[in-house]
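Me: Please take me through the strand pairing in this model, setting each term against its definition.

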Amino acid sequence: MLPPSGDQFEISAGGYRAVVTESGGALREFCHGGRHLVDGFAVDAMSSGGRGQLLMPWPNRIRDGRYRWSGRDLQLPLTEPGRHNASHGLARWVAWTVEEHTAHSVALTYRLMAQTGYPWTLDLRVVYDLSADGLTVTQTATNHAAEAAPYASGAHPYLAVGSGPVDRLELLVPAASRTLVDDRLLPVGREPVDGTPYDFRVPRPLRRLPLNDAFTDLERDASGVATVVLRDPSSGLGVALWVDGHHGWLQVYSADDVAGTARRSLAVEPMTAPPDAFRSGEDVVTLGPAGSADDELSTCWGIRALD
């Protein structure tokens, strides 16, 4: 019998071990020295709450699934019907194909065919690579259509330090601003984090603060990398998630609205564009027509253990 998430692809290196699934090219499990760094899902279960999934060709939500591109009005399927949104792209549940599988890395591909609401054909590719420095994930999209296509990407790992709850953990998010949202979790404004409970530029305990927020204006190191840290102050153990310069946004979600897993772990979602970006146009990448110099985009992010 095939598991709900399809074939399983295990990789290991440098004391790290990961399992990636055929369904959605998702990161189902990631450990270091036997310690879980992500809160994934069991081999006999489906991904819940987006756990480990790739968000392509857009992350987060699109209001009513409607947007306009190059003079055309387009309508996507409403995959979050309760809030009347199109959510987290078109590749979360499809079967990805293994391109290469070695002891320490796995590459998977999926051809996203032109369809109602997204009439462009893209080749999507993801590479999970392990080393002594942790996990590096590279997501790539190549446009095979004759016309330019809108594109953004993201991913949905849940960071874990122990078995929860996260209230006792310290969080560092190097972001100066966050998006304000309505009851459909769609953006209505933006505010600086200064003087608010959402300022995590210096590590501090989460306590009972509920989070489902898109953070931006990220502080980066000399190489352009921004890093989120979740750590247990009593043991010093933690986990770090880093993003490259293409990722200007981090969605942080404590899952308070999900019975059974509320505050058990903390989703930190790398995003190249904010919620509702196909409507606002903010940080949406234009993939050029097939064969042009700008018909492809690759982005990187990763996770490592902190001892």
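Reply: The model is predicted, with local features needing pLDDT of at least 70, side-chain atom pairs counting only at pLDDT 80 or more, and totals for chains, interfaces and linings using all residues. Residues are numbered from 1 along each chain as its sequence is written. An open sheet of nine strands follows the order β10-β11-β12-β13-β27-β23-β22-β17-β20, and its pairing is antiparallel, where a strand is a DSSP run of E of at least two residues, numbered from the N terminus.

Me: What makes β10 and β20 edge strands?

Reply: β10 and β20 (204-205) each pair on one side only.

Me: How do you know that strand β10 (residues 97-101) and β11 pair?

Reply: Two strands pair if DSSP finds at least two bridges between them, and β10 and β11 have four, in the antiparallel sense, so the definition is met. Glu-100, for instance, has Ala-107 in β11 as its bridge partner, and a hairpin of three residues joins β10 to β11.

Me: What joins β11 to strand β12 (residues 122-131)?

Reply: Eight bridges join these antiparallel strands, and Leu-108 has Val-126 in β12 as its bridge partner.

Me: Why is strand β11 (residues 105-112) called largely enclosed?

Reply: Six of its eight residues are buried, so β11 is largely enclosed by the rest of the structure; buried means under 20% relative accessible area, with a 1.4 Å probe and protein chains only.

Notes: Heavy atoms only, no water. Buried < 20%, exposed > 50% of the residue type's maximum accessible area, 1.4 Å probe, protein only.
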